[in-house]
Amino acid sequence: MPRLARLSRRLAALLAVACGLALLAACGREEVHQQESFVFGTRVEVVVAGADEARARIAANAVLSEFDRLHRTYHAWQPSELSALNAAFAAGKSQPVTPEMAGFILDAQARSAAGDGLFDPGIGQLIHLWGFQADEFVAALPDPAALARWRVERAGIADVRIADGVASSGKRGVALDFGGYLKGVALDRGAAILRSHGISNALINIGGNVLALGDRNGRPWRVGIQHPRKPGPLATLELGDGEAIGTSGDYQRFFELDGRRYCHLLDPRSGEPATMTQALTIVIPRAADSGTVSDSSSKPLFVAGAGEWPRLAKKLAIEQVLRVDASGRVQVSAALNRRLSWVGGTPAELEVLP
């Protein structure tokens with residue numbers, strides 16, 4: 001696929017998600033304060049309702065400032081604290097880490113283990129082999145020998161050790177990439193910052209990962225679930241106070257080669273992109289970490305595929321799931337199906353699971 005075509009398709013997918021959410025959030029006539037930025041490689045939006053302009057602006061600025069700090073501190077592929085740690089691992093050295101970094105590593109390890117290792121923020125080397133660390137992807141497969149070596153070592157986040165504020169790993173192939181974790185952390189941080197500024201009604205959107213606070217002037221925030229193969233939403237739903245929604249899909253970061261789509265969501269078991277799912281969305285009830293759960297838990301369910309995702313969802317205590325499989329067939333849990341409004345009618349192939 002030509003570079004410009006890849007860029008256009010990725011931008012179209014991002015805009016479809018973002019515009020769908022913005023339109024749904026703005027369906028009323030009440031005034032809201034909205035600020036946007038581009039962080040974590042995606043469009044970020046903070047919408048505040050029911051607050052005066054000055055207070056809303058200060059609070060939204062504080063949120064976006066924290067997002068920028070997280071992005072710069074934990075960027076895996078540009079000079080940062082995280083890239084320095086990865087360089088130490090590659091050199092077989094240990095390195096002191098901040099309490100925040102240590103906390104992220106330990107938390108991500110626990111979430112990875114809970115998801116049967118299908119969500120693994122320690123496979124940065126594999127991500128690099130596939131070229132998904134770049135802003136634009138080259139339509140080329142990894143070097144077979146290098147991929148074979150990775151499969152032998154299978155270095156991941158479980159191989160990182162933290163002791164007395166120092167991180168180390170016995171495997172030089174470990175490379176941390178918090179791309180599938182930090183957006184969820186940012187949602188929770190953003191919600192806490194807004195509440196600390198006295199904001200109780202807001203919507204935070206990080207590239208389609210969304211967390212709602214309160215409501216929009218007396219009405220619930222309504223958001224869309226992006227259709228993985230068409231512009232616009234597949235369905236819409238109303239989010240309650242503190243609920244978060246996370247989606248993993250093969251339609252934003254991918255390349256095509258010889259008629260096959262290779263997406264950035266990699267299966268640590270095979271070392272290759274997951275192929276059994278087009279999109280998977282989960283809704284998480286209010287909790288201190290609902291944003292983190294929504295981001296980190298959609299990945300293992302996406303990778304698990306048809307036979308395994310219901311079991312894994314039960315293990316992770318996730319009751320509201322919508323999945324579009326590789327053929328476009330839609331599966332949805334009964335708990336989420338009751339809340340959805342399908343756009344364009346009920347899908348022709350729909351399976352509602354208990």
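Here are some worked exercises on a predicted model of a protein.

**Exercise 1. Get a feel for the whole protein: what is its secondary structure, and how does its radius of gyration fit a compact globule?**

Step 1. Start with the elements: the protein has 10 helices and 19 strands.

Step 2. Turn to the overall dimensions. Along the principal axes, the C-alpha atoms fill a box of roughly 55 × 45 × 40 Å.

Step 3. Now test the globule idea. A compact globule of 354 residues would have a radius of gyration near 20 Å, and the protein has 20 Å, so the two agree.

Step 4. Look at the contacts with a separation of 6 or more: 64% of them join residues 24 or more positions apart.

**Exercise 2. Describe the surface and the charges of the protein: how much is buried, and how far apart are the mean positions of the charges?**

Step 1. Of the 354 residues, 54% count as buried.

Step 2. The accessible surface comes to about 14900 Å², and carbon and sulfur atoms account for 54% of that area.

Step 3. For the charges, take the 39 positive and 37 negative ones: their mean positions lie 2 Å apart.

**Exercise 3. Work out the strand order of the sheet that holds β8, and find which strands stand at the edges.**

Step 1. This open sheet has 3 strands, in the order β8-β9-β18, with antiparallel pairing.

Step 2. β8 (221–226) and β18 (341–342) each have a single partner strand, so one side of each is left without a neighbour in the sheet; these are the edge strands.

Step 3. Follow one pairing in detail. Strand β9 (residues 233–239) is joined to β18 by 2 bridges, and Ala235 has Trp342 as its bridge partner in β18.

Step 4. A helpful background point: strands of a sheet pair through backbone hydrogen bonds, either parallel or antiparallel.

**Exercise 4. Trace the hairpin of β1 and β2: how many residues lie between the strands?**

Step 1. β1 covers residues 32–39 and β2 covers residues 42–49; 8 bridges join them, and they run antiparallel.

Step 2. One residue to find in this pairing is His33, whose bridge partner in β2 is Val48.

Step 3. The hairpin has 2 residues between its strands, and Phe40 in the turn has a positive phi of about 55°.

**Exercise 5. Compare two loop residues, Arg154 and Asn217: what is the sign of phi in each?**

Step 1. Recall the usual case: most residues other than glycine have a negative phi.

Step 2. Arg154, in the loop between α6 (144–153) and β4 (160–163), has a positive phi near 50°. With a relative accessible area of 37%, Arg154 falls between 20% and 50%, so this residue is partly exposed.

Step 3. Asn217 sits in the loop between β7 and β8. Its phi is also positive, at about 50°, and Asn217 is partly exposed at 34% relative accessibility.

**Exercise 6. Decide for Glu66 and Val210: buried or exposed?**

Step 1. Glu66 belongs to helix α2 (residues 53–73). Its relative accessible area is 13%, which is under 20%, so Glu66 is buried.

Step 2. Beyond its neighbours within four places in sequence, Glu66 is in contact with Arg189 and Ile193.

Step 3. Val210 is part of strand β7 (residues 209–213), and at 1% relative accessibility Val210 is buried.

Step 4. To finish, place Val210 against Ala145: they are 65 residues apart in sequence, and their C-alpha atoms are 40 Å apart in space.

Terms used:
Residues numbered from 1 in each chain as written. Predicted model: local features only at pLDDT ≥ 70, side-chain atom pairs only at ≥ 80, totals over all residues. Heavy atoms only, no water. Pairing = 2+ DSSP bridges. Helix = DSSP H or I, 4+ residues; strand = E, 2+ residues; numbered from the N terminus. Rg over C-alpha atoms; globule rule 2.2 N^0.38 Å. Buried < 20%, exposed > 50% of the residue type's maximum accessible area, 1.4 Å probe, protein only. Contact = heavy atoms within 4.5 Å. Areas by Shrake-Rupley, 256 points an atom, 1.4 Å probe, with all protein chains shown as cover. Lys, Arg positive; Asp, Glu negative; His and termini not counted. Charge placed at Lys NZ, Arg CZ, Asp CG, Glu CD.
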